Each structure stands twice: as C-alpha cells, then as structure tokens.
Amino acid sequence: MIMEKIVIALGGNALQSKGTAPTAAGQLEVVKRTCERIADISSQGYEVAIVHGNGPQVGRILLASESAKDVTPAMPFDVCGAMSQGYIGYHIQQALKYALSLRNRNCPVLTVATQMVVDENDPGFTNPTKPIGPFYSEEEAKDLIEKKGYTMKEDAGRGWRRVVASPIPRRIVEIEAIKKLWDSSIVISCGGGGIPVVERMDGTLEGVAAVIDKDFAAELLAEQVDADVLMILTEVEKVAVNWGKEDQKDLDHMSLKEAVQYIEEGQFAAGSMLPKVEAAMKFARTYPDKKAIITSLDKAIDALEGKTGTVITFA
C-alpha cells in the first residue's frame, strides 16, 4: 500500500451544478460525483484529508440573510461561513461514506467546524480579493455597487462577482483534534478556508468579516499534518500560461523560480489560479523534498501517478 498523506483542496465551484440555479439537491448530486473520485484515491491506499471552498455557497447564504433583514437581522459574516462549513461538510460526509462503502472501505468520515486565526491588520482587509456568490453581468455588477455598496470585480473572464476581504490564515485552532483523528478517519476541515477569527489579548477568539482562501488554508493544514502531497483540484487539468490565447502553453512542472517569473508576468488571475499557485509554492518552499499538484478532479489519480497535472517543486 502507498500510505502517502494527501491534503486535497476542493473548490467551491466544484461542489455545485453549473448552468442552472443551484439547489441543495443539485449540489448533493455534484458532491456525490466528486466523492466517487475521492473514494477512488482513498482506495488506492492514500491517506486523505479534505479542505473545501465555499465562495459560491457563502455568497448565497449572505444574499439570503441580507434579503431577509427586514424580518430578522442579517447574520454576521463569520456565522455565514460556519453555516457553509456545516452543510457542505454534511453533504461530503454522506456522499463519501457511501462511496467508500461501495469499495468495501469502512472508514469514518467527519467534519470539524474549524476556526482559523488571522491577523486583524492583514492587508487583505483593505484590499478585497476573494470572489463569493454568483456571477453577474457588468451591468448587474454596477447596479450592486451603486445600490448595496458591494466591491465587485471581473473574475477571470467568467463574469463579475462580489469580492470580500481574504486575510492569510495564521493558525488552525482545532489542529490538535484534526491530528488525533487522522489515523482513524477521513477528516473534512478548514471548510471555506476556516471560520476567520482574531485572537484578543485575553485569549478569546472573535469572528471577523472575511472569507479565507481555501488553498492557503489547505497548505497550512498540509504543513501541520506533515502531508506528503498538497493536491489542489480545479477545473483544468494543468496550469497554463498565456491562458486563452493562441500560444497557450500547459505546464507539466513549475519550479519556484519559474512560478515567480510567471507571477511577475501576470500570467495567473487573482482570485482564480493565482492563489492556487501561491499556495503550492509555499508548500514546495517549506518542504523542498515534497510536491504540490494542481489538476482537475477527474485526473487526480493520473496526476498522483505522474501522468498529468502541474507539479510544483522547489527546483
């Protein structure tokens, strides 16, 4: 058996259906297909932990909460993040446990409501970059800016989205519990990047209005559980430069030096591929003898076997 430890980062967009109005039933169907792939990875002998995004989901929870403010007060941002952790984790637990049972793997799957300490002076609070919620046309985005005061940005050619503060994660509050559960369970943690909290002088934790990028949260988790591989799953098989152009080039490998060069050239979109590459770079920099992989869900096993995906290493 392989027995490598892998932290898998799943994007929030990969957990909901495309092209139709999202529903709980529709999301559950997508999650079921996603968990079939994760169960295959587990069945290959890899030890797996899961971190999921929540950009689309937490955005819709916020919309629903703000729309109902005349009936009940709008919920704080951190509470909306905690809600998304709960229901996405619940869906993954159900679907993955069933997929594992079909493969004769009797492995507990559980979700840890995870708080993530951030620095309240993080520059992310003054420069919102994290896309949340649905996509809008430019006209709709301008209307939301005017009427609701949202910060809206164009998202990698896919439309306009609301962006919010995205500070860098500093400490996983529940890390010791996650470590203890590792050997006996598949743990879903740091959902949506973790519930963002700041630590006060008296040691208390206080939620703040932000959404942490799940790729940076997954990287921090991978460091702290001493994972062998950080795997960031996205919609494309490989990272590319000159994306969408005639001379687009898919990358099999990136060294840290090459990744820095591509970032300086502006090759990766903020809020899209850029945080994935930066998180992979941080893992490769911290562990020069290990690797990070960016690929699509359907190519995950092939990428682990070295057949595809983009591998980011120290050199």
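**Exercise 1. Enclosed space**

Task: Find how many cavities of 30 Å³ or more a search of the whole structure gives, and work out what lines the largest cavity.

Solution. Start with the count: in this predicted model, the search of the whole structure finds two cavities of 30 Å³ or more. Next, take the volume of the largest cavity, which is about 60 Å³.

Now walk around its wall. The lining of the largest cavity consists of Gly 59, Leu 63, Ile 132, Gly 133, Pro 134, Tyr 136, Leu 144, Tyr 150 and Arg 162. Sort these by element: helix 2 (55-67) and strand 5 are the elements that give two or more residues to this lining. Strand 5 has the largest share, with four residues. Finally, sort by chemistry: six of the lining residues are nonpolar, two are polar and one is charged.

**Exercise 2. The second cavity**

Task: Which elements give two or more residues to the lining of the second largest cavity, and how do the lining residues divide into nonpolar, polar and charged?

Solution. Begin with the space itself, about 40 Å³ in the second largest cavity. Then list the wall: Asn 54, Gly 81, Gln 85, Gly 191, Gly 192, Gly 194, Ile 195, Pro 196, Ala 210, Val 211 and Ile 212. Two or more of these residues come from each of helix 3 (77-102) and strand 10 (195-199). The last step is the chemistry: the lining has five nonpolar and six polar residues, and no charged ones.

**Exercise 3. The sheet behind strand 5**

Task: Strand 5 turned up in the first cavity, so to speak as a host; now place strand 5 in its sheet by giving the strand order and the pairing.Solution. First, write down the order: three strands form an open sheet in the order 5-7-6, and the pairing is antiparallel. Next, find the edges, which are strand 5 (130-136) and strand 6 (152-154), each pairing on one side only. Neighbouring strands in this sheet are turned by 40° against each other on average, direction ignored.

Then look at one pairing in detail. Four bridges join strand 5 to strand 7 (residues 160-164) in the antiparallel sense. To find this register on screen, pick Lys 130, whose bridge partner in strand 7 is Val 164.

To finish, add the helix. Helix 4 (residues 138-148) lies across strand 5, strand 6 and strand 7, and runs at about 120° to strand 5.

**Exercise 4. A sheet of four strands**

Task: Which strands form the edges of the open sheet with mixed pairing, and which residue of strand 8 is the bridge partner of Met 116?

Solution. Read the order of the four strands, 8-4-10-11, in an open sheet with mixed pairing. The edges are then strand 8 (171-172) and strand 11 (205-207), and each pairs on one side only. Move to strand 4 (residues 115-117), which runs antiparallel to strand 8 and is joined to it by two bridges. Here Met 116 has Ile 172 of strand 8 as its bridge partner. Strand 10 of this sheet order is also one of the elements that give two or more residues to the lining of the second largest cavity.

**Exercise 5. Two open pockets**

Task: Describe the largest pocket and the second largest pocket by volume, and name the element that gives the most to each lining.

Solution. Take the largest pocket, with about 780 Å³ of space. Its lining has 37 residues, and those nearest its centre are Ala 156, Arg 158, Thr 234, Ser 272 and Met 273. At least two lining residues come from each of helix 2, strand 5, helix 6 (214-224), strand 12 (229-234) and helix 8 (273-286). The largest share belongs to helix 8, with three residues. By chemistry, the lining holds 13 nonpolar, 12 polar and 12 charged residues.

Turn to the second largest pocket, which has a volume of about 300 Å³. Of its 16 lining residues, Thr 129, Ser 166, Ile 168, Phe 216 and Glu 278 are the closest to its centre. Helix 8 again gives the most, with three residues. Seven residues of this lining are nonpolar, five are polar and four are charged.

**Exercise 6. Checking helix 3**

Task: Why does the distance between the end C-alpha atoms of helix 3 agree with the span expected for its 26 residues?

Solution. Begin with the expectation: at 1.5 Å a residue, the 26 residues of helix 3 should span 38 Å. Compare this with the model, where the end C-alpha atoms of helix 3 are 38 Å apart, so the two values agree. One last stop lies just after helix 3, where Asn 104 takes a positive phi of about 60°.

Conventions: Residues are numbered from 1 along each chain as its sequence is written. This is a predicted model: local features need pLDDT of at least 70, side-chain atom pairs count only at pLDDT 80 or more; totals for chains, interfaces and linings use all residues. Side-chain values use heavy atoms; hydrogens and water are left out. Two strands pair if DSSP finds at least two bridges between them. Axes are lines fitted to C-alpha atoms, for helices over the stretch in contact, and angles run from 0 to 180 degrees between N-to-C directions. Contact means heavy atoms within 4.5 Å. On a 1 Å grid over the protein atoms alone, a cavity is a set of points where a 1.4 Å probe fits but cannot get out, and a pocket is an open set with protein on both sides within 12 Å along at least five of seven lines; lining residues have an atom within 4 Å of a point. Grid points are joined across faces, edges and corners, and a volume is the space filled by probe spheres set on the points. Ala, Val, Leu, Ile, Met, Phe, Trp, Tyr, Cys and Pro count as nonpolar, Asp, Glu, Lys and Arg as charged, and the others, Gly among them, as polar. The expected span of a helix is 1.5 Å times one less than its number of residues.
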